[in-house]
Amino acid sequence: MGAVQGLEGEVEGAVTAYDLFVAVVAIIALAVLGVRLGLPDDSEIAELLDLFDLFFCAVFFADFIRNTIRAPNRRRYLTTWGILDLLS
């Protein structure tokens, strides 16, 4: 069987550099959250980690928008994986 191509000639199911970037950001975000939970709220490092968390949220929201735009069936995406992506 041949590979199925999606948008812009990408092979469906293939891991792209963008996918790896989002996965690395997710792992770093979890590590930052773990460190942040152990710090007092008035710490300067805690404030810095909160800024990193805001950046991570922006990356994940941009990923949600990208996936919504690129979905072949937006309504189906939004009622299945899309809502989970947005909530996470």
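Select Ala46 to begin: leaving aside residues up to four places away in sequence, Ala46 touches Arg36, Leu39, Pro40 and Asp41. Keep in mind from this point on that the model you are looking at is predicted. Ala46 sits in helix H2, and with a relative accessible area of 0% this residue is buried. If you also pick Leu33, which stands 13 residues from Ala46 along the chain, a distance drawn between the two C-alpha atoms should read 10.0 Å.

Next, keep Asp41 and Arg36 selected, since both are among the residues that Ala46 touches, and show their side chains. The side chains of Asp41 and Arg36 meet in a salt bridge, with 3.2 Å from N to O. The two partners can be told apart by their accessibility: Asp41 is exposed, with a relative accessible area of 63%, whereas Arg36 has 16% relative accessibility and therefore counts as buried, the cut-off for that word being under 20%.

Add Asp50 to the selection, and a second contact of this kind appears: Asp50 forms a salt bridge with Arg36, and the closest N and O atoms of this pair are 2.9 Å apart. This pair links distant parts of the chain, because Asp50 belongs to helix H2 and Arg36 to helix H1, with their positions 14 residues apart. Through shared partners, the salt bridges join Arg36, Asp41 and Asp50 into one network. Asp50 itself is partly exposed, its relative accessible area being 37%. How many salt bridges does the structure hold? The count for the structure is two.

Now step back and colour the chain by secondary structure. What you should see is four helices and zero strands, which gives the pattern α-α-α-α when the chain is read along its sequence. With the surface switched on, the chain exposes about 6900 Å², and carbon and sulfur atoms supply 68% of that area. Of the 88 residues in the chain, 18% count as buried, Ala46 with its 0% relative accessible area being one that is buried. Among the contacts in the chain with a separation of 6 or more, 36% are accounted for by residues 24 or more positions apart.

From the whole chain, turn to a part of its surface by selecting Phe61, Ile65, Ile69, Trp81, Ile83, Leu84, Leu86 and Leu87, which together make a nonpolar surface patch of about 850 Å². Which helices each supply at least two residues of this nonpolar patch? They are helix H2, running over 44-70, and helix H4, running over 81-87. Of the contributors, H4 gives the most to the patch, with five residues.

Two leucines of this patch are worth selecting one after the other. Leu87 has its place in helix H4, and with a relative accessible area of 68% this residue is exposed. Leu84 also lies in helix H4, but at 46% relative accessibility Leu84 counts as partly exposed. To relate Leu84 to another part of the chain, select Phe64 as well: the two residues are 20 positions apart along the chain, and their C-alpha atoms are separated by 9.7 Å.

For the last stop, look for the second largest pocket, which holds about 410 Å³ of space. Its lining consists of 14 residues, and the ones to select for finding its centre are Phe56, Cys57, Phe60, Asp85 and Ser88, which lie nearest to that point. Where does the lining come from, in terms of helices? Helix H1, which covers 17-37, supplies at least two residues of the lining, and H2 and H4 each do likewise. H2 gives the most to this lining, with seven residues.

To close the tour, show helix H2 on its own and go back over the places already visited. Ala46 is in this helix, Asp50 in H2 pairs with Arg36 in helix H1, and H2 supplies at least two residues of the nonpolar patch as well as seven residues of the lining of the second largest pocket.

Methods
Residues numbered from 1 in each chain as written. Predicted model: local features only at pLDDT ≥ 70, side-chain atom pairs only at ≥ 80, totals over all residues. Heavy atoms only, no water. Patch = residues over 30% accessible without salt bridge, like charges linked within 9 Å, V, L, I, M, F, W, Y side chains within 5 Å. Areas by Shrake-Rupley, 256 points an atom, 1.4 Å probe, with all protein chains shown as cover. Salt bridge = Lys/Arg side-chain N within 4 Å of Asp/Glu carboxyl O. Buried < 20%, exposed > 50% of the residue type's maximum accessible area, 1.4 Å probe, protein only. Contact = heavy atoms within 4.5 Å. 1 Å grid on protein atoms, 1.4 Å probe; cavity = no way out; pocket = protein on both sides within 12 Å on 5 of 7 lines; lining within 4 Å. Points joined across faces, edges and corners; volume = space filled by probe spheres on them.
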